[in-house]
Amino acid sequence: MDLTLVASIFKILRLDPPSKLTLLEARTLSSAHVPPFPPDMPALLTGVDSRELALQVKNVLLAVYPREHQMYLVEGQMSKVERLGDFQPSTFNLQPATCIYIPALAVGTSLESFAEIVAHLRAPDGCPWDKEQTHDTLRTHLLEESYEALSAMDSGDAESMREEFGDLLLQIILNAQIAHESDEFLLTDIIKSIYDKIVRRHPHVFGDVKMDDVNGVLQNWEKLKEDERKKLALSNADWKKEDKGLLDGVPMALPALIQAQEYQDRAARVGFDWPEIEGVLEKIREEIEEVKKSENPEELSAELGDLFFALVNLARWKKVDAESALRGTNMKFKKRFAHVEQGAKKQGRNLSDMTLEEMDAFWDSAKGKGEVAAFGDLFGCVVVLAI
């Protein structure tokens with residue numbers, strides 16, 4: 001499409017041509033799931049020649065644009081403004097020359113624009129604090145933002161999740177900018193690397209491999225990762241020192257419950273697992289006895305570790321995330337204990353002056369507020385029984 005034709009379309013729309021524009025054939029979106037262009041740039045889609053294609057375009061746009069976002073349909077010398085969510089292709093007589101114009105979303109709605117402001121923060125005229133940051137100084141911030149994102153997910157609060165995921169994204173983009181300035185790698189390298197990895201490890205989606213169920217997918221995933229480790233080792237001049245095992249890819253900095261479950265998941269994918277859940281339950285009973293028999297703090301610590309590991313395995317067998325389960329129980333304990341504190345305060349008393357029976361009465365009343373027992377309670381209950 002030449003510039004003259006583009007100009008004529010905007011004349012029909014009675015709009016000034018934008019200073020920048022994404023120009024695409026609508027069929028580019030025929031197999032897409034998200035728009036292949038930044039939403040903070042206007043776009044013109046040409047050749048919307050069927051209702052099926054128009055419906056596909058609408059669904060793809062809705063992955064990024066709000067339902068109330070305006071779009072313009074150009075048919076011959078006529079144009080019509082539609083809200084994206086209200087657009088019904090079946091009501092239009094679509095032709096090969098039909099176009100859809102999508103105005104830009106607000107500035108700052110694309111990954112590119114966000115990367116730009118982060119780069120500006122690091123520029124000579126940027127922020128003194130941001131300019132001083134390194135990968136090492138940002139470690140604590142990345143960890144804090146990760147836990148805040150998890151907390152938002154635990155709460156189920158969509159608004160909090162939106163905000164915390166944004167804070168987490170800042171840490172990724174800021175570290176990418178620092179890497180660029182140090183000639184380590186680029187943001188595009190990060191994206192390309194994970195893009196290739198996802199395609200490579202999903203041959204049942206992007207290739208010809210057939211998978212029957214999730215277990216087959218996970219087993220094949222581990223096989224692919226093992227092949228990747230072998231290739232990496234062979235490509236390394238000192239490959240014997242770099243040869244890594246199945247569990248070496250699990251970060252040592254992970255919280256212990258998450259790390260334990262990931263170890264067990266990976267081992268199970270290659271067949272190292274109990275054949276039946278009864279073996280898991282028997283192992284827990286065995287570890288409880290070992291805890292009872294512990295004769296010194298060192299033995300007790302080791303046996304409690306074995307017990308926790310066995311409990312994590314039970315969580316895995318029951319398809320429960322052990323870390324989330326225990327976090328849920330922690331939050332429940334906090335909530336119930338706050339109820340005990342409030343009860344004491346209403347009576348004008350200090351907790352230290354109350355008997356255990358009096359505090360238990362408030363505790364039991366908190367339990368009666370419709371709470372559902374969490375799997376994480378098992379961790380606390382088993383340890384109490386063991387001691």
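Is D183 buried or exposed? Please select D183 in this predicted model to begin the tour. The residue is exposed, with a relative accessible area of 73%.

**Stop 1: D183 and R14**

D183 belongs to the loop that links helix 6 to helix 7 (187–200). With the backbone displayed, note its phi, which is near 60°, a positive value in a residue that is not glycine.

Next, select R14, in the loop between helix 1 and strand 1. R14 is likewise not a glycine, and has a positive phi of about 60°. The relative accessibility of R14 is 77%, so R14 counts as exposed, the threshold being over 50%.

**Stop 2: the sheet as a whole**

Now display the strands as a cartoon. Five strands form an open sheet in the order 1-2-5-3-4, and the pairing is mixed. Strand 1 (22–25) and strand 4 (78–83) occupy the edges; each has a single partner strand, so one side of each lacks a neighbour in the sheet. On average, and with direction ignored, neighbouring strands of this sheet are turned by 20° against each other.

Add helix 1 (residues 3–13) to the selection. Helix 1 packs on the sheet and touches strand 1, strand 2, strand 3, strand 4 and strand 5. The direction of helix 1 makes about 110° with that of strand 3.

**Stop 3: strand 5 and its partners**

Select strand 5 (residues 99–102) and show its side chains. Which residues of strand 5 are buried on one side, and which on the other? C99 and Y101 lie on one side, I100 and I102 on the other, and all of them are buried, which leaves both faces of the strand covered.

Add strand 2 (residues 43–46), which runs antiparallel to strand 5 and is joined to it by three bridges. Two positions are useful for orientation here: A43 stands opposite I102, and L45 stands opposite I100.

Then add strand 3 (residues 70–75). Strand 3 also pairs with strand 5 in the antiparallel sense, over three bridges. Y72 of strand 3 has Y101 as its bridge partner in strand 5.

**Stop 4: from strand 3 to strand 4**

Keep Y72 selected and turn to strand 4. Y72 stands opposite V81 in that strand. Strand 3 and strand 4 pair in the antiparallel sense over six bridges. These two strands form a hairpin with two residues between them, and in this hairpin G76 takes a positive phi near 60°.

**Stop 5: D49**

Select D49, in the loop between strand 2 and helix 2 (51–61). D49 is partly exposed, with a relative accessible area of 30%. Residues up to four places away in sequence set aside, D49 touches R27, L94, Q95 and P96. A distance drawn from the C-alpha of D49 to that of N93 should read 8.8 Å, although the two residues are 44 apart in sequence.

**Stop 6: helix 3 against helix 6**

Select helix 3 (residues 111–122) together with helix 6 (residues 158–181). Their axes are 10 Å apart and the helices pack at an angle of about 60°. Helix 3 and helix 6 are therefore oblique to each other, and the crossing is right-handed.

To view the contact, show the side chains of L111, F114, A115, V118, A119 and R122 in helix 3, which meet L169, L170, I173, L174, Q177, I178 and E181 in helix 6. Colouring this contact by residue class gives 10 nonpolar, one polar and two charged residues.

**Stop 7: helix 14 against helix 15**

Finally, select helix 14 (residues 322–346) and helix 15 (residues 356–367). At what angle do their axes cross? The axes cross at roughly 125° and come within 8 Å. Helix 14 and helix 15 are therefore oblique to each other, and helix 14 passes helix 15 in a right-handed crossing.

On the helix 14 side of the contact, select F333, R336, F337, H339, V340, G343 and A344. Their counterparts in helix 15 are M359, F362, W363, S365, A366 and K367. By class, this contact comprises eight nonpolar, three polar and two charged residues.

How values were computed:
Residues numbered from 1 in each chain as written. Predicted model: local features only at pLDDT ≥ 70, side-chain atom pairs only at ≥ 80, totals over all residues. Heavy atoms only, no water. Buried < 20%, exposed > 50% of the residue type's maximum accessible area, 1.4 Å probe, protein only. Helix = DSSP H or I, 4+ residues; strand = E, 2+ residues; numbered from the N terminus. Pairing = 2+ DSSP bridges. Axes fitted to C-alpha atoms, helices over the stretch in contact; angles between N-to-C directions. Parallel < 35°, antiparallel > 145°, perpendicular 65-115°, else oblique. Left-handed = near helix turned anticlockwise from the far one by under 90°. Contact = heavy atoms within 4.5 Å. Nonpolar A, V, L, I, M, F, W, Y, C, P; charged D, E, K, R; others polar.
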